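Here is my note on the helix packing and a few backbone details. Please read it with the model open.

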Amino acid sequence: MDGKQKEHYTQRQDTSAVRHRKTCKTNEGAECLSQPSSETSNGANKRIPKRAGHLSSPSRDDHVPVYTLVLVLVLSVCTRFYKITEPPHVCWDETHFGKMGSYYINRTFFFDVHPPLGKMLIGLAGYLTGYDGTFPFIKPGDKYEHHNYWGMRAFCAALGSCLPPFAFLIVLELSHSKPAALIAASLLIFDTGCITLSQYILLDPILMFFIMGSVLCMVRFNTQRLRPFSFSWWFWLLLTGVCLSGSLGVKFVGLFVILLVGINTAFDLWRLLGDLSLSLLDFGKHLLARVFGLIMLPLFLYTTIFAVHFIVLNRSGPGDGFFSSAFQSRLIGNNLHNASMPEYLAYGSVITVKNLRIAGGYLHSHWHLYPEGVGAHQQQVSSPSFTLNRQFDNNLTGPPELVRQGDIIRLEHKETTRNLHSHFHEAPLTKKHLQVTGYGINGSGDVNDLWQVEVCGGKKGDPVKVLRSKVRFLHRSTSCVLCSSGKTLPKWGWEQVEVTCSPYVKETPNTQWNIEDHINPKLPNISLSVLKPTFLEVLWESHIVMIRGNSGLKPKDNEMNSKPWHWPINYQGLRFSGVNETEYRVYLLGNPVIWWLNLLSLALFVLMLTVASLAKQRGVKMEGMRKVHCHTLMEGGGMLLLGWLLHYLPFYIMGRILYYHHYFPAMLFSSMLTGITLDIFLQNLHLLFSSSISHHLMRGGQFILLLGFIYSFYLFHPLSYGMRGPLAQDPASSMAGLRWMESWEF
């Protein structure tokens, strides 16, 4: 071991010197830990010393953590799998994710705002347990009847059961304290919110499994610092990358744990860069290993997830309309699949024009006029076929002439023979835009019928290609651009999407169109299979659509929108099932004792960290366990606090609709931080009381905490496992007297 590594190892281990089996002073820890031996020289299988007082015999030291971990796992499985098949009907978002699992079994294409891994795993679990994908998942409350739904629920419950053991191992690694690890695990075992969220067909238990897996692997990798490039070092590094790809593959909030691991890796590399005994070549090896394990491998796996997604979902379905015409041509059963039409647009062609916004409609008109008082009393245009004509000359004899970038054209509605038209009248709904109508007869009109073709990303003279070209239509007279506003017209407009002429000429999907259908007998047809997008183009488009879909999730009128400040205080839960006395009611709400304890522990941790930092800055001498606790607070607790902040604060700046369950990943970090905070607080009671009293207070405090978790779980367990009969305000209810906040709706 070189000098710099020995110094780092000594600094890390002398904080645990009092826990070493040998009797040596704290300032002699380096000498005790640096005695030459084959085990120390290569760092292999070095056991982390245990705290004094937590070790009674060598044999017990080897087996107690395993027994405790098994106990945690058994309790976790029991609480998650109890009454897993009840209620036997669709609950809350099972409507969406169960249906999406069915789509995978049936290979039917759909759209969702989240990446596909979670839904793919749900579908796989259902398939392997005998579900045939035929249940419609129409609405909450629909009976499953003979359909085999338990396998999908059991899969989610199995992953949810891993969260307490993961928390136990993470806290044990960060604090080397079994009481701290047991407190953290107990908080998750007996939390009614975590139980409820794990028992149904949802993405949340899958997401939290990968998040906690990422943190556990990162922490385990950090313990391998003295064994670089060994098998275990590579194993935990690569497994961290696998879990990161899983986190992002389930939901985009997986980016938060990626950021946490990235910050940890940056500090780790900065430490290595400061190690002057490490050559720049060796540092480069460390850097490249982390780039491979934490960037390249996750990106490859994440891309592979989408490759499998596109291969499996190869049949036309409800998600077609969210994607471009070129994308739809890949799907079996879609009108564009294996279709043939002329490749380039020409004058005299009959075309169908589709807007490129999410679920964009077609440019459409009909015989109905705008009503009196809504712009000009002319023919309605909404978001199907138009004939494409020259600016003035309608003589289309002779060879066809292609439409090119910069051409000025007229679009004549095929059925009514009126031209696409705009003028200085405000649009019916989007008042800052101009009205678009159908005007004239038999193709005759005026100068307000003229539109200039603009191929996005093209140059003057470029032809317009069906499916592939993104086209904008600039109105010559008003300098506005043809736009689909996304707003739905009233009944007089047949509830179709409003088409306007936008004065804002910036390129957006709302102002971009593509040619989806093209008929021109004078032009040769080609198979649309040659125009299919590449995998990278499909991957890019799917992410654009998902991101736009996420940003478009706005609260509807009178729809409850949860606020981030509600979440840590457990202000309001979510109804999973049932409302009245006769229904089977399940209510997602965290165990209030646990959640409020987490909140108090956050404040206590900040106070303890401040005191420890001030003492260290003032040079206060800290030896033995005080030094251990200070190190644990600053490094282990600091990492968990950062994880909580990263998974919580970003929701304050999100514009999309938010729900209570979005807080649960942050709650995992808060619970692990509570375990460390309360354990250190109880172990430092000797600063206030005598040694004998403080020992009894510590044991008593640990017992009271565990008893409080169990008793509060007993009180609130009907929220997770279901309630029937009177509501909480009725003295005869099983939840009578437990509605501690008016905002709780059970």
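**Notes on helix packing and backbone**

1. Start with H11 and H19, which cross in a right-handed sense. Keep in mind throughout that this is a predicted model. H11 covers residues 204-222 and H19 covers residues 664-683. Their axes lie 10 Å apart, at an angle of about 40 degrees. Angles of 35 to 65 degrees fall in the oblique class, so H11 is oblique to H19.

2. Which residues of H11 and H19 make the contact? From H11 come Leu 207, Met 208, Ile 211, Met 212 and Val 215. From H19 come Phe 664, Pro 665, Leu 668, Phe 669 and Met 672. By class, this contact of H11 with H19 has 10 nonpolar residues, with no polar and no charged ones.

3. H19 also packs against H20, residues 691-721. The two axes come within 9 Å and cross at roughly 150 degrees. An angle over 145 degrees counts as roughly antiparallel, so that is how H19 runs to H20. The crossing of H19 and H20 is right-handed.

4. Look next at the side of H19 that faces H20. Leu 678, Asp 679, Leu 682 and Gln 683 of H19 meet Met 698, Gly 701, Gln 702 and Leu 705 of H20. How do the residues of this contact of H19 with H20 divide by class, and how many are charged? There are 4 nonpolar, 3 polar and 1 charged. Set that beside the H11 contact with H19, which has no polar and no charged residues.

5. The third pair is H6 (residues 117-128) and H7 (residues 150-161). Their axes come within 7 Å and cross at roughly 125 degrees. H6 and H7 are therefore oblique to each other. H6 passes H7 in a right-handed crossing.

6. On the H6 side, the contact uses Leu 121, Ile 122, Ala 125 and Gly 126. On the H7 side, it uses Gly 151, Met 152, Phe 155 and Cys 156. By class, the contact of H6 with H7 has 6 nonpolar and 2 polar residues, and no charged ones.

7. H18 deserves a look for its shape. The helix spans residues 625-648, which is 24 residues. From first C-alpha to last, H18 reaches 32 Å, close to the 34 Å expected at 1.5 Å a residue. Where does H18 bend? The bend is at Gly 637, and is about 35 degrees.

8. Two loop residues should be checked on the backbone. The peptide bond between Glu 86 and Pro 87 is cis, with omega about -5 degrees. Pro 87 sits in the loop between H4 (58-81) and H5 (94-106). Arg 107 has phi near 60 degrees, a positive value in a residue other than glycine. Arg 107 is placed in the loop between H5 and H6.

Note on methods:
Residues numbered from 1 in each chain as written. Predicted model: local features only at pLDDT ≥ 70, side-chain atom pairs only at ≥ 80, totals over all residues. Heavy atoms only, no water. Axes fitted to C-alpha atoms, helices over the stretch in contact; angles between N-to-C directions. Helix = DSSP H or I, 4+ residues; strand = E, 2+ residues; numbered from the N terminus. Parallel < 35°, antiparallel > 145°, perpendicular 65-115°, else oblique. Left-handed = near helix turned anticlockwise from the far one by under 90°. Contact = heavy atoms within 4.5 Å. Nonpolar A, V, L, I, M, F, W, Y, C, P; charged D, E, K, R; others polar. Expected span 1.5 Å × (residues − 1). Bend = angle between axes of the 7 residues up to and from the residue.
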